[in-house]
Amino acid sequence: MQRAMLRDIRNISVPQKSLSLDVSSGILVPLYDPDTNMVFLSGKGDRYIQFVEVTDKDPWFVEGLRYTGEQIKGACLIPKRSVDVMQGEVNRVLQLANSSIIPIMWQVPRK
């Protein structure tokens, strides 16, 4: 079972919070953006990328949307200067698939 755990650096032996994700056997690749406190979780061999917001108080993890697409070989975040802020984009993940690189935009809805 894949899990994301939040630990206090003053006592790393005990996790503060644990978030169960799924039962996939792939290697979990977390991508963290410190500007937005967003963690993008993708597993090598999986077909989805999920984002979780990390907060500084309980409930610690706020689960967000899940993108489902082709099988993932790898993923990375692009630099902030490349996002389209006028469209409400806060992050973009590049997903490496079998024969292509797929840009996945994460947007905040605007009025």
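A residue counts as buried when its relative accessible area is under 20%. By this cut-off, phenylalanine 51 and tryptophan 106 are buried in the predicted model. Both residues belong to an aromatic arrangement that involves strands of two sheets, described below.

The first sheet to consider is open and holds 4 strands in the order 3-4-5-6. The pairing is antiparallel. Strand 3 (28-33) and strand 6 (61-68) form the edges, and each of them pairs on one side only. Neighbouring strands of this sheet are turned against each other by 20° on average, with direction ignored. Strand 5 (residues 48-54) and strand 6 run antiparallel and are joined by 6 bridges. Within this pairing, valine 52 has glutamate 63 in strand 6 as its bridge partner. A charge-ring contact is also present: arginine 66 lies over the face of tyrosine 48. Its distance from the ring centre is 3.9 Å.

Another open sheet contains 3 strands, ordered 7-8-9, again with antiparallel pairing. Strand 7 (74-77) and strand 9 (101-107) each have a single partner strand, so one side of each is left without a neighbour in the sheet. From one strand to the next, the twist averages 25°. Strand 7 pairs with strand 8 (residues 89-96) in the antiparallel sense, over 4 bridges. Cysteine 76 stands opposite leucine 94 of strand 8. In general, strands of a sheet pair through backbone hydrogen bonds, in a parallel or an antiparallel manner.

Aromatic contacts were examined next. The structure holds 3 aromatic pairs. One of them joins phenylalanine 40 to tryptophan 106, with a centre-to-centre distance of 5.2 Å. The planes of these rings are 50° apart, and the pair is tilted. Phenylalanine 40 lies in strand 4 (residues 38-43) and tryptophan 106 in strand 9, so this pair ties together parts that are 66 residues apart in sequence. Phenylalanine 40 and tryptophan 106 are both buried.

Phenylalanine 51 also pairs with tryptophan 106. Here the centres are 5.3 Å apart and the planes meet at 75°. Planes over 60 degrees apart count as edge-to-face, so the pair of phenylalanine 51 and tryptophan 106 falls in that class. Phenylalanine 51 lies in strand 5 and tryptophan 106 in strand 9, so the contact ties together parts 55 residues apart in sequence. Phe40, Phe51 and Trp106 thus form one aromatic cluster.

Terms used: Residues are numbered from 1 along each chain as its sequence is written. This is a predicted model: local features need pLDDT of at least 70, side-chain atom pairs count only at pLDDT 80 or more; totals for chains, interfaces and linings use all residues. Side-chain values use heavy atoms; hydrogens and water are left out. Two strands pair if DSSP finds at least two bridges between them. Axes are lines fitted to C-alpha atoms, for helices over the stretch in contact, and angles run from 0 to 180 degrees between N-to-C directions. Rings of Phe, Tyr and Trp (its six-membered ring) pair if their centres lie within 6.5 Å; planes under 30 degrees apart count as stacked, over 60 as edge-to-face and the rest as tilted. Buried means under 20% relative accessible area, exposed over 50%, partly exposed in between (1.4 Å probe, protein chains only). A charge sits over a ring if NZ of Lys or CZ of Arg is within 6 Å of the ring centre and within 35 degrees of the ring normal.
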